[in-house]
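Q: Please take one part of this model and describe it closely, with the cut-offs behind each term. Where the surroundings of that part bear on the picture, include them too.

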Amino acid sequence: MAQLTEPSESIPEAKSRLDKLLDAAEMQTLCSLPAPCFTIFLPRYRPAAQSAPETVPLKHLLRVAEESPEVHKLGETAAALLAPLREIAKSGALGSGGEARALFTAPGFAAAYRVGAELPEKLALGRHPYIRPLLAHAFAPHEVFALALSRKRLRLFRFLGEGTEERPLPPGVPASVAEAGDFDQPDHELRNRSASGPSTGTGFAVTFGTLSDRESAPEYLHNYFARVDRGLHAAVKNAPVFLLGVNEDLAAFRKASRHLNLLATQSEGSVDGHGIAEIGALAGAAALASYQAQGETALREFRDMADRARTLSGTSPVLAAAEEGRVHRLLLPEDGDIPAPQDSSSQNLLASEDLLNAIAVEALRRSGQVFTLPTALLGAEPLAILRY
């Protein structure tokens, strides 16, 4: 077996994260862990559902780990790594249900993270934490504002990955066209003219003006949405904004917006009846879509690069470049592992350890950007844009 223990000075201060959301900062921490590392995935659990409590699959996976030949080879090192996971299983800390969990333990480190993804039950032991299925949820935006567009009732929500709340509109942002009242328009009454009789040649014109006329006028709607765009920017800054509303209002707001960071994904249709949880789920899905869109942009960049010396493909070449710190952007397939060969001592990997996962960890350790894309779009092998 390859030697897995790394110098003690690289061991971080021991931490216990029993109910923390896995985000980009925590992912960077995981990628810096010394070897060896256990990873356990626990599926989503609802106490009222028929599924088993999270502690049941955890205890089962711990028994599987204890019987593994690789664990026997590690001896006391493995026993020390499994000890905090046994404590978690005994404590019942995960018995309240909720999102799927990803558990990690390495020398001086033990953590259990909540993950907003569907995870299969899994146990992995290797030089690296097994993170590839978690990358999209860790690196997608974790703070997203959702703006429910309506001419009669504008609403603002804040999605934080771990929950959604409705927020009051900032001062100066009118909640409706009617509340906006008097825009700086040349014709405040929005006077419309119509002929008074059947003949348009000699009849005189009459005027009419109603609130509904004002609300439906494109110039009033444009100015209203522009005012909302300016007013919200001071509160949300550059955080992504997810739009919900009927198609006409969505198009009008995008045309008027000059300040907000609008996500490309939007929810089309009336927002009446949408609960906070549903809006949060839609905002979370839009955040994931934005992460994939960044990956697709990187894929186009890879394919269009004139300097092909700065592009690389294939498992072994990309892994070597990642370990050397040469990978600037890494593109990985979402599905399918590539097991390390039996003789993997040159890369200090356990036999059957996922090479694609190893590439991801090595790239992130050295500040590379990593994106996962559907295999149908990317192919089965990794692609990399190099720094040099």
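A: The answer below takes up one sheet, then what packs on it, and then the pockets.

The model is predicted, so local features need pLDDT of at least 70, side-chain atom pairs count only at pLDDT 80 or more, and totals for chains, interfaces and linings use all residues. Residues are numbered from 1 along each chain as its sequence is written, and side-chain values use heavy atoms, with hydrogens and water left out.

The sheet is open and has four strands in the order β13-β16-β14-β15, with mixed pairing. (Helices, H or I with at least four residues, and strands, E with at least two, are DSSP runs numbered from the N terminus; two strands pair if DSSP finds at least two bridges between them.) Its edges are β13 (311-313) and β15 (369-373), each of which pairs on one side only. On average, neighbouring strands are turned by 15° against each other, direction ignored. (Axes are lines fitted to C-alpha atoms, for helices over the stretch in contact, and angles run from 0 to 180 degrees between N-to-C directions.)

Helix α10 (residues 276-304) packs on this sheet and touches β13, β14, β15 and β16 (383-386). (Contact means heavy atoms within 4.5 Å.) The direction of α10 makes about 100° with that of β15.

Strand β14 (residues 327-333) pairs with β15 in the parallel sense, over five bridges. Leu330 stands opposite Val370 of β15, and Leu331 has Phe371 in β15 as its bridge partner. Although β15 is an edge strand, four of its five residues are buried, so β15 is largely enclosed by the rest of the structure. (Buried means under 20% relative accessible area, exposed over 50%, and partly exposed in between, with a 1.4 Å probe and protein chains only.) Helix α12 (residues 355-365) lies across β14 and β15 and runs at about 155° to β14.

Ala321 sits in helix α11 (residues 315-323) and is buried, with a relative accessible area of 1%. Its contacts, leaving aside neighbours within four places in sequence, are Leu312, Arg326, Val327 and Leu386. The C-alpha atoms of Ala321 and Glu362 are separated by 9.1 Å, with their positions 41 residues apart along the chain counted as the distance apart.

Helix α10 also takes part in the largest pocket, where it gives the most to the lining, with seven residues. (A pocket is an open set of points on a 1 Å grid over the protein atoms alone, where a 1.4 Å probe fits, with protein on both sides within 12 Å along at least five of seven lines; lining residues have an atom within 4 Å of a point.) The space in this pocket is about 390 Å³. (Grid points are joined across faces, edges and corners, and a volume is the space filled by probe spheres set on the points.) Of its 24 lining residues, Glu99, Gly116, Phe159, Gly161 and Gly284 lie nearest the centre. The elements that give two or more residues to this lining are β4 (109-115), α5 (135-139) and α10.

The second largest pocket has a volume of about 340 Å³. Its lining has 21 residues, with Leu123, Ala124, Leu125, Ser352 and Glu353 the closest to its centre. Strand β5 (122-126) supplies the largest share of that lining, five residues.
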